[in-house]
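This report describes the fold of one protein chain, beginning with a pair of strands and moving outward to the helices. Please keep the sequence and the structure at hand while reading.

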Amino acid sequence: MSSPHIKSAAVAAAFAALDEGRTPERPVFREAVRVLLTALAERAPGRSVEVRVPPYGAVQCISGPRHTRGTPPNVVETDPVTWLEIATGRRGWAEVVAEGRVRVSGARADLSAHLPLHLGE
């Protein structure tokens, strides 16, 4: 199966820069993060988990009890590079959580069943 990042010029450009040891340009990085966050929200619709990738974006996803006020009980937060890596399968969920590169809180905050993102699922 192909991944959604293959269809995104921003994700391809972000990985090209990272693979060359450069930081992607801010607009490219932002778009790449948002494309993959949107794909996650489409794959796992709902409002019980908030996935944050500061400073570029956040989405709510995964079905279950809806959160409406204050700090959500189920939160996933990571940096842009780690998000691109786990969303596209370059790194595994368990690996980056164990390394502390992803912060999770709440019983529903395990995204491993939804990653990596693939088209047609």
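## A strand hairpin

Glu 50 has Gln 60 as its bridge partner in strand 2. The model is predicted, so local features are taken only where pLDDT is at least 70 and side-chain atom pairs only at pLDDT 80 or more, whereas totals for chains, interfaces and linings use all residues. Residues are numbered from 1 along each chain as its sequence is written, and side-chain values use heavy atoms, with hydrogens and water left out.

The pairing to which Glu 50 and Gln 60 belong joins strand 1 (residues 49-53) to strand 2 through five bridges, and the two strands run antiparallel. Strands here are DSSP runs of E with at least two residues, helices are runs of H or I with at least four residues, and both are numbered from the N terminus; two strands pair if DSSP finds at least two bridges between them. Within the same pair of strands, Arg 52 is matched with Ala 58, and Val 49 stands opposite Cys 61. Three residues separate strand 1 from strand 2, and the two strands form a hairpin.

## The sheet around the hairpin

The hairpin is part of an open sheet of four strands, which follow one another in the order 2-1-3-4 with mixed pairing. Strand 2 (57-61) and strand 4 (102-105) are the edge strands, each pairing on one side only. On average, neighbouring strands of this sheet are turned by 15° against each other, direction ignored, where axes are lines fitted to C-alpha atoms, for helices over the stretch in contact, and angles run from 0 to 180 degrees between N-to-C directions.

Strand 1 also pairs with strand 3, in the parallel sense and over three bridges, and in that pairing Val 75 of strand 3 is the bridge partner of Glu 50. Four of the five residues of strand 1 are buried, so this strand is largely enclosed by the rest of the structure; buried means under 20% relative accessible area, exposed means over 50%, and partly exposed lies in between, with a 1.4 Å probe and protein chains only. Helix 3 (residues 26-43) lies across strand 1 and strand 2, and runs at about 5° to strand 2.

## Two glycines

Gly 57 is found in strand 2 and counts as partly exposed, at 22% relative accessibility. Its contacts, leaving aside neighbours within four places in sequence, are with Leu 37, Val 51 and Arg 52, contact meaning heavy atoms within 4.5 Å. From C-alpha to C-alpha, Gly 57 and Leu 37 are 7.6 Å apart in space, although 20 residues apart in sequence.

Gly 64 is found in the loop between strand 2 and strand 3 (75-78), and is partly exposed with a relative accessible area of 42%. Not counting residues up to four places away in sequence, Gly 64 touches Ser 48 and Arg 108.

## Helix 2 and its packing

Which residues of helix 2 (residues 9-19) are buried? They are Ala 10, Val 11, Ala 14, Phe 15 and Ala 17. Seen down the axis of helix 2, these residues fall within an arc of 160°, so they line one face of the helix; the arc is that of the directions from the helix axis to the C-beta atoms. On the other side of helix 2, Ala 9 and Asp 19 are exposed, and just after the helix Gly 21 takes a positive phi of about 80°.

Helix 2 packs with helix 4 (residues 80-88) at an angle of about 115°, and their axes are 11 Å apart. The contact is made by Val 11, Ala 14, Phe 15 and Leu 18 of helix 2 together with Val 81, Leu 84, Glu 85 and Thr 88 of helix 4. These contact residues divide into six nonpolar, one polar and one charged, where Ala, Val, Leu, Ile, Met, Phe, Trp, Tyr, Cys and Pro count as nonpolar, Asp, Glu, Lys and Arg as charged, and the others, Gly among them, as polar.

## The whole chain

The secondary structure comes to five helices and four strands, and from the N terminus on the elements run α-α-α-β-β-β-α-α-β. Of the 121 residues of the protein, 41% count as buried. Among contacts with a separation of 6 or more, residues 24 or more positions apart account for 57%.
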